[in-house]
Amino acid sequence: MSCSGSEPEPDRRDRRHSTWSHRDTRCPLVIVSLCLPPPAESESPVTFQQLLRTLWNRKLTILVCVVVAVGAALGYSKFASPTYQSSALVQINSPAQTGGTTSTFTLPDPVQELSSTSVQVAAAKALGVANPADVASQVTGTVDPTTGTLTVTGTGSTPQEAVAVTDAYADAFVNQMQALAQDQINKYTAALDQNNLKIAGLQAQETSNSPNPLLTAQITALTQTNSTLEAEQSAIQIGMPYAQIQVAATPGTLTGLSKSKLAAIGLLAGLLVGCGIALVREEFDDRVRISPDIESVIDGPVLGELPQDSDVKRGDVTIALVQAPQSSLAEALRDLRTSLRVLLVDQQSPILVVTSPEAGDGKTFVTANLATSWALTGSRVIVVSADFRRPRLEQAFGINATGSPGLSDLIKANWKQAEPEDDGLDTGRGDPQGEAAEQRHARHSSMFGETAVSTYLLETGIDGLQLLPVGVHLDNPSELFDSPGMQPVLDQLHLLADIILLDTPPVLGAPDTAILGSLTFGAVVVATEGKTDRSDLERTANRLESTGCNVLGLVLNHVRHSASDGYASYYNQR
C-alpha cells in the first residue's frame with residue numbers, strides 16, 4: 001500500500017541509506033504500522049567463550065579473592081598453635097584366648113576404660129598434672145576389630161609432650177587392666193580362704209569314733225566349691241597379662257595441614273569464590289561492554305571501538321591523528337571514519353551530531369578527532385561547538401575563542417532578521433543535491449549575507465578543517481536551537497563543507513541534542529565501556545528517536561582491548 005506524494009518510511013537501520021526525510025508525516029497509516037513491536041528474540045545460551053570472556057573481564061575481582069584467601073590461609077598457618085601427635089599400640093588378651101578353662105572374668109571395653117576416671121587420674125599423676133581433665137582431651141583410643149589392638153593417640157604442643165601423654169595413658173591403661181584382673185584373683189583367694197576356714201571348723205567337730213554324715217556332706221560340698229574357685233582363679237592367672245604395650249609411643253609428628261597445602265586450599269577457595277562473585281556481578285552489571293547483543297541496546301551498529309590511551313588520559317594528546325598517528329587509538333579513529341563513510345555514501349554534505357548519554361564519555365574528543373580524520377583525507381570539514389553548557393571543542397584544538405562570536409551569535413542574528421515562514425521544504429540532510437538548502441539559502445542571502453557563516457569560522461591548523469566556535473551569548477540554548485534562526489545556519493554549513501560535525505551536550509543532561517538531532521541527518525552516540533549503563537544508553541536512543549533523530553550507531557570509548565590493538569602491534573613491528 002502506498003500514499004500519494006510520499007514513500008513508506010524505511011526501517012530505522014536502512015534509513016541512514018535513504019534520502020527520504022524522516023519528518024514527512026503525510027502517511028500516518030504507514031507510520032502506525034511501523035510502530036508495531038518486533039517479534040521477540042529468544043535469548044541464546046551463554047557459550048563457553050562468553051563465560052571465559054566474562055571471567056577475564058572480571059579478573060581483578062578474581063585476583064583479589066585469590067590473594068585474600070591465600071593470605072588468610074598463610075596467616076592461619078603462621079598464628080595457629082602447632083599440634084604434634086604420638087601413638088602407641090597396646091595388645092589386649094581376652095581370657096578366652098589365654099587358657100583352656102572357661103573363665104567368668106570379662107574385660108571392659110578398652111576405649112571406655114581408657115577414658116575412665118582411674119586411668120585419667122593415674123596418667124595425670126604420671127604427667128604431674130593436678131587436674132586430669134586438662135589432659136583428657138589430648139588422648140583418643142581406637143580398637144582394631146580384627147586384632148583387638150588398642151591404639152592410644154596423644155597430642156601436645158611439642159613432640160615431647162605428645163610422647164609423654166601417650167606413654168602416660170598407655171601405661172595407665174595397662175596397669176588398670178592388670179589391676180582389674182588382680183582384683184578378681186584376690187576375690188577368689190578371699191573366697192577360698194573363707195571356705196578353708198569353714199572346712200577346718202567342720203572337721204574339728206567330727207570325731208573319729210562317730211562320723212557325722214551331715215558334717216561330711218558339708219565338707220565335701222565346700223571342697224568341691226574350692227576346686228571350682230581354684231580352677232577359675234587359675235584361668236585368670238594363666239591369662240595375665242591381659243594388656244601389654246606392643247609398640248611404644250612413636251616420636252611426635254606435626255599434625256594438620258602444611259603451609260603448602262593451606263596455600264593450595266586458599267588458592268582453590270579464592271578461585272571458586274572469585275569466579276562466583278564475578279559471575280554474579282556480571283549478571284547484575286548493567287554497564288555497557290563489548291558483547292554480541294550490544295547493538296540491540298540502541299538498535300544500531302557499533303561504529304568503532306576506541307582503546308584506552310595513557311597519553312590522552314594524561315592530557316598530553318588531544319588530536320591523536322596528528323600527535324600520535326601510529327597509535328592504536330589513531331587507527332581506531334580511522335576505522336570509525338570508514339564505518340561512517342559507508343553509512344553516508346549516498347549523502348552529500350551531511351550534518352551529524354556527536355553526543356553521549358552523560359558527561360565524561362569523551363564525545364568532544366571523538367568529535368575533534370573524527371573531524372581531523374576526515375580532513376586528512378582531503379575533505380572539507382566544519383566542526384561546530386554546539387555544547388553551550390560546557391564548551392570544550394575549542395580547547396581540544398588549542399584555540400582561545402573567548403569573546404569570539406560564533407554559533408549562538410549567528411542563531412540570534414538570523415532569528416532577528418529572518419521572518420518565520422513555512423515553506424514545507426526538507427532540511428536538505430537527505431537531499432543528495434542539496435536543492436532544498438540552496439533554495440532556503442537564496443531566500444535568506446539578501447538579509448543574512450552569503451558569507452556570514454564563513455566569516456565566523458576559525459582555522460584549526462589542519463588543512464580543510466575549520467571550527468565554528470560556540471559564541472558569546474549562551475543564554476537559553478534550547479530556545480536558540482529550536483528557534484527559526486537555527487535552520488538557516490545549518491543550510492549555509494551544508495554548502496560550505498563536505499561534512500559537518502556538531503559537538504552537542506549529553507542527551508540525558510539537556511534537551512539541546514534531541515532538538516539538533518531532529519534538524520540533522522543523524523547522531524553518533526559515544527559511550528564508555530564499563531561505565532555507561534545500558535539503561536542510560538537505551539534512554540539516550542529513545543530520547544533521540546522521539547524527536548525524529550536518526551541514531552546512526554554507537555562508538556565505544558575507553559575500550560580496554562579493541563581490534564585495532566592487533567594492527568598497532570603489527571604496524572609497530574614493521
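**Helices α5 and α7**

In this predicted model, begin by selecting helix α5, residues 117-127, together with helix α7, residues 159-205. The two helices pack at an angle of about 135°, and their axes are 8 Å apart. Angles over 145 degrees would count as roughly antiparallel and those from 65 to 115 as roughly perpendicular; α5 and α7 are therefore oblique to each other. Their crossing is right-handed.

Next, display the side chains where the two helices meet. From α5, select S118, V119, Q120, A122, A123, A126 and L127. Their counterparts in α7 are A164, V165, A168, Y169, A172, F173 and Q176. Coloured by character, the residues of this contact divide into 11 nonpolar and 3 polar, with no charged residue.

**Helices α13 and α14**

Move now to helix α13, residues 328-343, and to helix α14, residues 363-375. The axes of α13 and α14 come within 9 Å and cross at roughly 75°. That angle makes α13 roughly perpendicular to α14, whereas α5 and α7 are oblique.

To see the contact, select L329, L333, R334, L336, R337, L340 and R341 of α13. On the α14 side, add F365, V366, N369, L370, S373 and W374. The contact of α13 with α14 divides into 8 nonpolar, 2 polar and 3 charged residues; by contrast, the contact of α5 with α7 has no charged residues.

Remain in helix α13 and centre the view on A330. At 0% relative accessibility, A330 counts as buried. Leaving aside residues up to four places away in sequence, A330 touches A320, L321, A324 and P325. A distance drawn from the C-alpha atom of A330 to that of N369 should read 8.5 Å, although 39 residues separate the two along the chain.

**Two residues with positive phi**

From the end of α13, continue into the loop that leads to strand β7, residues 351-355, and select S349. What is notable about the backbone of S349? Its phi is positive, at about 55°, although S349 is not a glycine. With a relative accessibility of 9%, S349 counts as buried.

For the second case, select H558 in strand β13, residues 551-559. H558 is likewise a residue other than glycine with a positive phi, near 55°. Is H558 buried or partly exposed? At 30% relative accessibility, H558 counts as partly exposed.

**The aromatic pair**

How many aromatic pairs does a search of the whole structure find? The search returns 1. Select F388 and F481: their ring centres are 4.8 Å apart and their planes stand at 45°, so the pair is tilted. F388 lies in the loop between β8 (381-385) and α15 (393-396), while F481 belongs to helix α18 (residues 477-481), so the pair ties together parts that are 93 residues apart in sequence. Both F388 and F481 are buried.

**The whole chain**

Finally, restore the full view and colour by secondary structure. The chain contains 22 helices and 13 strands. It has 574 residues, of which 44% count as buried; A330, S349 and the two phenylalanines F388 and F481 are among them. Consider also the contacts between residues at least 6 apart in sequence: 81% of these join residues at least 24 apart. The pairing of F388 with F481 provides a view of two parts 93 residues apart in sequence that are tied together.

Key:
Residues are numbered from 1 along each chain as its sequence is written. This is a predicted model: local features need pLDDT of at least 70, side-chain atom pairs count only at pLDDT 80 or more; totals for chains, interfaces and linings use all residues. Side-chain values use heavy atoms; hydrogens and water are left out. Axes are lines fitted to C-alpha atoms, for helices over the stretch in contact, and angles run from 0 to 180 degrees between N-to-C directions. Helices (H or I, at least four residues) and strands (E, at least two) are DSSP runs, numbered from the N terminus. Angles under 35 degrees count as roughly parallel, over 145 as roughly antiparallel, 65 to 115 as roughly perpendicular and the rest as oblique. A crossing is left-handed if the near helix is turned anticlockwise from the far one by less than a right angle, and right-handed if clockwise. Contact means heavy atoms within 4.5 Å. Ala, Val, Leu, Ile, Met, Phe, Trp, Tyr, Cys and Pro count as nonpolar, Asp, Glu, Lys and Arg as charged, and the others, Gly among them, as polar. Rings of Phe, Tyr and Trp (its six-membered ring) pair if their centres lie within 6.5 Å; planes under 30 degrees apart count as stacked, over 60 as edge-to-face and the rest as tilted. Buried means under 20% relative accessible area, exposed over 50%, partly exposed in between (1.4 Å probe, protein chains only).
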